[in-house]
Amino acid sequence: RVVQTIMRDVTDLKLSTQKERDLQHQLTRSERLSSIGRLAASVAHELKNPLGAIRNAIYYIRNALGTNPILDTDPHLRDIMKLAEGEVDSAVVIIGELLDFSRVVQLVTRRTSINELLEKLPNIVLIPDNVEVVWDLDLTLPSAMVDPDRLNQVFCNLANNAVQAMPQGGKLTIRTHFIVETGDDDDKGRDMIGVEIEDSGVGIEPHHLSKVFEPLFTTKARGTGLGLAISRNIVEKHGGVILVRSQIGKGTSFTVKLPVKPPEDGGEPS
């Protein structure tokens, strides 16, 4: 009995130490994200005015040229102005991501069918003809108390990433399933909805997998590296988790797990 008591005390101590480490890690991460968020907001606000001026200048030049013969002399001028407008639009998108990341996530939840939310993706995300969309939806899923607009942002980001990972085409699989988590002594378990968005693309290098959710980390030639960080913030605000697995040359799968009933929701799931 003495040995059992000692072993139990040692186990409890290990668990307590691990919880303290997890708490410290969360605190450090929170402080780091807060600092990055303040910097992102500052940079975004500083860029908005000059970008607005550039956009107005392009608009003025386009109107001033009108049917000017110079457009016939140099037909590339129109292409150059179009390119400049496109670059300004890209910068505006980046500013939007910076501002999104800097804001505290506020959810406006309502009963939502996750399947119906996902089924709208092909109308929002540009999916090339060489990418096949495969649906594997659990039609028995209950609705969940979520913020549909915020989750739509997450799913669109994951679907866009999947398409970009398949430049030669491939298969985009979207599946849902019901999960019953067993939990531990402190958490008796929750009913969860799993959403998996999987591509058959190039895959992610193993040493990059642990960094994909870090703000400002990206392997793309162009990008802020904030999309997945923002997505994780939104999912965690819902009381869920987002996971990734990948194999080089075979593809990547992101799984979002969402509670049917968030911790702050005292109602019964429908």
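A144 is a good place to start: in this predicted model, its relative accessibility is 0%, so A144 counts as buried. The residue belongs to strand 3, which covers residues 144-146. What surrounds A144 once its neighbours within four places in sequence are set aside? The contacts are R110, R111, T112, I193, P259 and V260. One of these partners, P259, sits 115 residues from A144 along the chain, yet the two C-alpha atoms are separated by 7.4 Å.

Two of the strands in the next part of the tour can be picked up from that contact list. I193 is a contact of A144, and strand 5 spans residues 191-199. P259 is another contact, and strand 7 spans residues 251-259.

Let's stay with strand 5 for a moment. Seven of its nine residues are buried, so the strand is largely enclosed by the rest of the structure. Which strands pair with strand 5? Strand 4, residues 170-180, runs antiparallel to strand 5 and is joined to it by nine bridges. Within this pairing, T176 has V195 as its bridge partner. Strand 7 also runs antiparallel to strand 5, and here seven bridges make the connection. In that pairing, E196 of strand 5 is partnered by T255. As a reminder while you look at these strands, side chains in a regular strand alternate between the two faces of the sheet.

E196 is also a good way into the charged side chains. Side chains of opposite charge can pair when their charged atoms come close. Across the whole structure, a search finds seven salt bridges. One of them joins E196 to R175, with an N to O distance of 3.2 Å. This pair links distant parts of the chain, as E196 is in strand 5 and R175 is in strand 4, 21 residues apart. Is E196 buried or exposed? Its relative accessibility is 7%, which is under the 20% cut-off, so E196 counts as buried.

R175 has further partners. The side chain of E198 meets R175 in a salt bridge as well, at 3.5 Å from N to O. Since E198 lies in strand 5 and R175 in strand 4, this pair ties together parts that are 23 residues apart in sequence. E198 has a relative accessible area of 22% and is therefore partly exposed.

R175 also forms a salt bridge with D136, and the closest N and O atoms of that pair are 3.5 Å apart. Here the link runs from strand 4, which holds R175, to D136 in strand 2 (residues 131-136), 39 residues away. D136 is partly exposed, with a relative accessible area of 41%. R175 itself, at 21% relative accessibility, counts as partly exposed too. Taken together, D136, R175, E196, E198 and R245 are linked in a network of salt bridges.

To finish, let's turn from strands to a helix. Helix 8 runs from residue 227 to residue 237, and eight of its 11 residues are buried, so this helix is largely enclosed by the rest of the structure. Which residues of helix 8 are buried? They are G227, L228, A229, I230, S231, R232, I234 and V235. When you trace them on the model, it helps to recall that an α-helix has 3.6 residues a turn, so residues three or four places apart point the same way. Following helix 8 comes G239, which has a positive phi, near 85°.

Methods. Residues are numbered from 1 along each chain as its sequence is written. This is a predicted model: local features need pLDDT of at least 70, side-chain atom pairs count only at pLDDT 80 or more; totals for chains, interfaces and linings use all residues. Side-chain values use heavy atoms; hydrogens and water are left out. Buried means under 20% relative accessible area, exposed over 50%, partly exposed in between (1.4 Å probe, protein chains only). Helices (H or I, at least four residues) and strands (E, at least two) are DSSP runs, numbered from the N terminus. Two strands pair if DSSP finds at least two bridges between them. A salt bridge is a side-chain nitrogen of Lys or Arg within 4 Å of a carboxyl oxygen of Asp or Glu. Contact means heavy atoms within 4.5 Å.
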